[in-house]
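Student: I have a chain open on my screen and would like to walk through it with you. Could we take it one question at a time?

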Amino acid sequence: MTPPADPSRDFPMHVSVEQAREMLSALLSPPGHETVPLQGALGRTLAAPLRALVSHPSATESALDGIACREADTLGATPGAPARLRVVGESRAGLPFPASVGPGECTRIYTGAPMPAGADAICPVEELLDDGPEHVLLRRPASPGDVRREGGDFRAGEEVMAAGLPLTAPRVALAAALGHQTLPVRRRFRVALLSTGDEVVEPGQLLRPGQVYDSNRYGLAAMLAECGCEVVMLGHAPDSVEALEEAVARSGGADLLVTSGGVSMGRYDFMRDLLIDHGRVAFWKVRMRPGGPAILGGWKGLPVIGLPGNPVSSLVVFHVIVRPALTGQPLQALTLRAATPFRALGDKAAFWRGVIRGGQVHDYGQQGSGILRSLSDADALVIVPEGQPVAVGDDVQVVLL
């Protein structure tokens with residue numbers, strides 16, 4: 001069996017979080033590209049820049065329901081001395097007014113309808129009074145500010161969306177407005193997922209003393225789905241090198257294998273032994289808490305990231321190291337004021353669970369790596385750099401959960 005901390009091993013130990021993230025990214029082969037229809041684009045990553053095929057708006061149009069007229073004809077209009085204009089027609093979306101608006105004239109117009117020739121301002125319907133069948137009274141001047149200019153959002157040929165953007169619902173809508181029916185996206189990573197440990201059993205089974213339900217597999221599968229990955233569920237393997245080899249053999253074609261458990265310093269941490277003795281190791285252990293025992297390596301050409309078995313450790317390592325590598329997006333941190341102190345660790349970055357109230361972040365309280373409920377209740381991971389405690393009132397970086 002491999003000695004847990006053999007100094008003769010030729011791989012780095014106790015790497016930083018940033019180094020771990022970079023090393024995992026370097027092991028992943030760049031994903032290819034594919035084209036998907038708009039309705040299948042949500043959650044994917046744009047693989048190439050998108051240019052507008054049309055301008056938006058496609059014509060100068062009204063932002064309001066009201067009348068379109070010449071601003072000069074309405075200057076000085078007030079409720080006590082309204083401006084009077086003759087209605088010569090209407091313009092509505094899909095059916096614009098075909099002629100021009102002259103001095104003292106206007107057309108009724110509706111939101112999104114093209115502006116008639118000669119008109120340069122809008123007066124909203126709330127400020128109008130009918131004066132017979134052919135005239136209206138304006139109780140305030142018409143405003144050019146309520147006119148949407150052609151191409152005011154984007155113009156045909158303009159690059160509007162950059163490669164690498166995650167396709168959220170608003171971005172899918174924007175891509176449709178640009179005129180695209182299909183989108184170039186990054187191919188999904190195919191990730192095999194395996195949980196390990198003799199003590200781990202399927203939820204719903206009878207739980208004997210010392211056993212634990214397999215929360216890691218389902219939590220990690222959900223996080224992989226959030227990353228837009230195709231997940232290959234390998235199930236669960238007991239604590240033996242043979243069982244691990246058999247399970248890993250079923251991950252053929254995957255871009256990455258993610259495991260939970262078996263990577264720490266114990267006698268039965270066989271995932272560690274499998275990689276060190278029979279595979280290759282890029283690093284073992286990360287200077288972070290929770291999650292320090294993580295291991296990165298490879299097995300017969302397949303990149304492998306072994307996460308700790310403790311549920312909080314497993315999910316936190318995924319959140320701060322694996323997710324950015326899979327999505328190509330940096331860790332999204334923001335700055336908040338600390339409402340409570342957060343302790344520092346001398347040689348590790350700490351990711352303490354926090355609760356956000358009133359724009360400030362509070363210590364959640366229980367920070368043990370087995371307190372899975374804390375990740376459900378907390379709002380954020382509070383980043384405390386090595387040896388730099390956070391006092392009440394200090395600014396601190398947090399990662400939203």
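Student: Is His14 buried, partly exposed or exposed?
Tutor: Keep in mind as we go that this is a predicted model. His14 lies in strand β1, and its relative accessibility is 41%. Buried would need under 20% and exposed over 50%, so His14 counts as partly exposed.

Student: What is phi of His14 near?
Tutor: Look at the backbone of strand β1, where His14 lies. Phi takes a positive value here, in a residue other than glycine. For His14, phi is near 60°.

Student: And Lys300, is that residue buried or exposed?
Tutor: Lys300 lies in the loop between β21 and β22, and its phi, near 50°, is also a positive value in a residue other than glycine. The relative accessibility of Lys300 is 76%. Because exposed begins over 50%, Lys300 counts as exposed.

Student: Let's turn to the sheets. Which strands stand at the edges of the sheet with 7 strands?
Tutor: That open sheet has the order β1-β19-β21-β22-β18-β14-β17, with mixed pairing. Each edge strand has a single partner strand, so one side of it is left without a neighbour in the sheet. Those strands are β1 (13–15) and β17 (230–237).

Student: What is the average twist from one strand to the next?
Tutor: Follow the order β1-β19-β21-β22-β18-β14-β17 across the open sheet. From one strand to the next, the twist averages 30°.

Student: Which residue of β19 is the bridge partner of Val15?
Tutor: Strand β1 and strand β19 (residues 280–286) run parallel, and 2 bridges join them. Within β19, the bridge partner of Val15 is Val286.

Student: What angle does the direction of helix α3 make with that of β17?
Tutor: Helix α3 (residues 215–226) packs on the sheet and touches β14 (190–196), β17, β18 (256–260) and β22 (302–307). Helix α5 (residues 270–278) packs on the sheet too, touching β18, β19, β21 (295–299) and β22, and its direction makes about 55° with that of β21. For α3 and β17, the angle is about 170°.

Student: There is also a sheet with 6 strands; which of them stand at its edges?
Tutor: The order in this open sheet is β8-β5-β7-β6-β10-β9, and the pairing is mixed. Neighbouring strands are turned by 40° against each other on average, direction ignored. An edge strand has a single partner, so one of its sides has no neighbour in the sheet. The edge strands are β8 (121–124) and β9 (128–130).

Student: Which residue in β8 does Ile67 stand opposite?
Tutor: Strand β5 (residues 66–69) and β8 run antiparallel, joined by 4 bridges. In β8, the residue opposite Ile67 is Cys123.

Student: Now the helices: at what angle do the axes of α1 and α6 cross?
Tutor: Two packed helices are described by the angle between their axes and the distance between the axes. The axes of helix α1 (residues 17–27) and helix α6 (residues 311–327) come within 9 Å. Their crossing is right-handed, and the angle is roughly 35°.

Student: How many nonpolar residues does the contact of α1 with α6 have?
Tutor: From α1, the contact is made by Val17, Ala20, Arg21, Leu24 and Ser25, and from α6 by Val320, Ile321, Val322, Pro324 and Ala325. By class, 1 of these residues is polar and 1 is charged. The number of nonpolar residues is 8.

Student: Is Val160 buried, partly exposed or exposed?
Tutor: Val160 is found in strand β12 (residues 159–161). Beyond its neighbours within four places in sequence, Val160 is in contact with Leu50, Arg51, Ala52, Phe154, Leu174 and Leu178. Its relative accessible area is 27%, which lies between the 20% and 50% cut-offs, so Val160 is partly exposed.

Student: What is omega near for the peptide bond from His56 to Pro57?
Tutor: Pro57 lies in the loop between β3 (50–51) and β4 (61–62). The peptide bond from His56 to Pro57 is cis, with omega near -5°.

Student: Finally, over which residues does pLDDT stay under 50?
Tutor: The mean pLDDT of the chain is 94, and 98% of its residues reach 70 or more. Where pLDDT is low, the predicted coordinates should not be read in detail. The stretch where pLDDT stays under 50 is residues 1–5.

Technical notes: Residues numbered from 1 in each chain as written. Predicted model: local features only at pLDDT ≥ 70, side-chain atom pairs only at ≥ 80, totals over all residues. Heavy atoms only, no water. Axes fitted to C-alpha atoms, helices over the stretch in contact; angles between N-to-C directions. Left-handed = near helix turned anticlockwise from the far one by under 90°. Contact = heavy atoms within 4.5 Å. Nonpolar A, V, L, I, M, F, W, Y, C, P; charged D, E, K, R; others polar. Buried < 20%, exposed > 50% of the residue type's maximum accessible area, 1.4 Å probe, protein only. pLDDT = per-residue confidence, 0-100. Pairing = 2+ DSSP bridges.
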